[in-house]
Amino acid sequence: MTDFAFSPELEALRREVRAFVDDVVIPAEAAILSEDEKKDRTTLRALRERARAAGLFVPHLPTELGGRGLGVLGMCALFREMGRSPVGAAVFNCDAPDQGNMDLLLRSASPEIKAKWLGPLTRGEITSGFSMTEPAPGAGADPGNLRTRARKDGSDWVIDGHKWYTTGGGDAAFLIVMARTSDDPKTGASMFVVDRHAPGVVHVRDVPVMCPPILVHREAEFRYEGVRVPESAVLGEIGEGFRLAQKRLVPARLTHCMRWLGLADRAVHMAKAYLLTRQSFGKELARHQLVQHAIFEAVQGIHAGNLMTLHCAWMLERGQDREARPYSSMAKHHVARLLCKTLDDMIQLHGALGFSEDLPFSVWYRFARASRIADGPDEVHEMLVARDFFRGAIETLV
Ligand SMILES: Cc1cc2nc3c(=O)[nH]c(=O)nc-3n(C[C@H](O)[C@H](O)[C@H](O)COP(=O)(O)OP(=O)(O)OC[C@H]3O[C@@H](n4cnc5c(N)ncnc54)[C@H](O)[C@@H]3O)c2cc1C
């Protein structure tokens, strides 16, 4: 029989993280964001120490790296709570792209790379970037357009290319760079770990975007001009780039979903407080049916997204990585749209207050819009799910 409950240990941990977010993170949110404008991390660092002292820092990592050794399901249970604040994941050192990069290094990096970068990254001493996307006509929604090249020179690899939207790249200590190493459509790409300050790594700018920068969420543009790396910088094997990207993206996609569900959940609970007290046309707003409809859609959508995400996490835990891919696409597509719609509706239900900067919706709303583009745009997920359905690779009544 299906058991929808978390284990007692995981449930206790989830409650601890929730309480930490409510009591410690949310009250400090405004301070963290305002300090971040000057790239001052004082409050963030202080909160990280408290999370570490409470045994809640990097819970997704194996115990030998200071974590709790949680599987993907456990990660999802906690990330949902952290995501209730846009700075929550950073406090626990579980934010993108570092969390996905830690996972990638753990699985695929050489001993030299692990020794140099993994410890400082997991301890929160440095940050990292994932450098795959290129301006047109390079790799975007279609990674097959990859133009950045790495060529062998003696025992080294030399990388040349142009990338953008390397989140957090400007301040990162190292970057994971995807480059073409042959023209084979399946095995033509490889990943390299590159020192951000190596000769030839040119940080062109942080692309000005719709949302103000939030901590590492600054979108760096890079030129790689004859960047030389040793063989030990290769992740996995040469030719495994596309495969590793999938390995990284599927669980990372679920963790995005959970953070986004957390934010949608917080928004709908903020609306609850307003709707139960504000009167309109002789009764509380909460008693108007059109208001109830918007709340219904948000609550139902969050619940559906939660089930989709946890189901996919469960598949990954059973080793069904390939089968899980279309389910991760469905979850990501659903939750990204849900987040955008929920924030829009909750702004609406708060009226002028929702539009004001007295509430934090303005930043959240702009931040959320990227969710339908980053990590594969909606249309590509639709295409992939339809393709797998026609191939018979999706059970719809699981
Ligand atoms: C905030 C943010 C952070 C990001 N962080 C990173 C990062 O850290 N590292 C990284 O490498 N990349 C990152 N990205 C890049 C992201 O992965 C790409 O934007 C995404 O894959 C889409 O590529 P593109 O922007 O080049 O869109 P394009 O390939 O130019 O596509 C444009 C649009 O065309 C449509 N489209 C594309 N293909 C199809 C299709 N098959 N069918 C129908 N319509 C289609 C979609 O509407 C799509 O949005 C980030 C992006 C954002 C917005």
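Helices and strands are DSSP runs, numbered from the N terminus. With that in hand, let's walk through this predicted model, starting at one small residue: Gly-88 sits in helix H4, which covers residues 88-91. Gly-88 counts as buried because 28 C-beta neighbours lie inside 10 Å. Beyond its neighbours within four places in sequence, Gly-88 is in contact with Val-21, Val-25, Met-82 and Gly-83. You can also look for Leu-44, which is 44 residues away along the chain, with 9.8 Å between its C-alpha atom and that of Gly-88.

Now zoom out to the whole protein chain. It has 12 helices and 10 strands, and its C-alpha atoms fill a box of roughly 80 × 50 × 45 Å along the principal axes. A compact globule of 398 residues would have a radius of gyration near 21 Å, and the protein chain agrees with its 21 Å. Of those 398 residues, 44% are buried. If we take contacts between residues at least 6 apart in sequence, 70% of them join residues at least 24 apart.

The chain is divided into three parts: domain 1 (8-95), domain 2 (128-235) and domain 3 (242-390). How do domain 2 and domain 3 meet? Their contact takes 12 residues from domain 2 and 11 residues from domain 3. On the side of domain 2 that touches domain 3, 11 residues are nonpolar, none is polar and one is charged. The C-alpha centres of these two domains lie 29 Å apart.

Next, find the ligand. Which residues come closest? Among the 21 residues that surround the ligand, the closest are Met-132, Gly-140, Ala-141, Pro-377 and Glu-379. Domain 2 and domain 3 each give at least three residues to this shell. Strand S1 (128-131), strand S3 (156-167) and helix H12 (378-390) each supply at least two. Sorted by class, the shell has 12 nonpolar, six polar and three charged residues.

From the ligand, turn to the protein's interior. The largest nonpolar core has 105 residues, and those touching the most other members are Ile-159, Val-177, Phe-192, Val-193, Val-194 and Ala-264. Helix H7 (residues 241-275) provides the largest share of this core, with 14 residues. Val-193 makes a good example to trace: leaving out residues up to four places away in sequence, it touches Ala-109, Ile-113, Trp-117, Phe-174, Ile-176, Ala-233 and Leu-235.

Finally, here are a few backbone details to look for. Most residues other than glycine have a negative phi, and most peptide bonds are trans. Against that background, the bond joining Ala-96 and Pro-97 is cis, with omega about -5°. Pro-97 belongs to the loop between H4 and helix H5 (98-108). Another cis peptide bond runs from Ala-136 to Pro-137, where omega is near 10°, and Pro-137 lies in the loop between S1 and strand S2 (149-153).

Where phi is concerned, look at Val-58: although not a glycine, it has a positive phi of about 40°. Val-58 is in the loop between helix H2 (42-53) and helix H3 (72-82). Is Val-58 buried or exposed? It counts as buried, because it has 22 C-beta neighbours inside 10 Å and the cut-off for being buried is 20 or more. Tyr-165 is not a glycine either, and its phi is positive at about 60°. This residue is found in strand S3, and it is buried, with 21 other C-beta atoms within 10 Å.

Key:
Residues are numbered from 1 along each chain as its sequence is written. This is a predicted model: local features need pLDDT of at least 70, side-chain atom pairs count only at pLDDT 80 or more; totals for chains, interfaces and linings use all residues. Helices (H or I, at least four residues) and strands (E, at least two) are DSSP runs, numbered from the N terminus. A residue is buried if 20 or more other C-beta atoms lie within 10 Å of its own, exposed if 12 or fewer, and partly exposed in between; C-beta atoms are placed from the backbone. Two residues are in contact if their C-beta atoms, placed from the backbone, lie within 7 Å. A residue is near a molecule or strand if its C-beta atom, placed from the backbone, lies within 6 Å of it. Ala, Val, Leu, Ile, Met, Phe, Trp, Tyr, Cys and Pro count as nonpolar, Asp, Glu, Lys and Arg as charged, and the others, Gly among them, as polar. Domain bounds come from an automatic or database domain assignment. A nonpolar core is a set of buried Ala, Val, Leu, Ile, Met, Phe, Trp, Tyr and Cys residues joined through C-beta atoms within 7 Å. The radius of gyration is taken over C-alpha atoms; the globule rule is 2.2 Å times the number of residues to the power 0.38.
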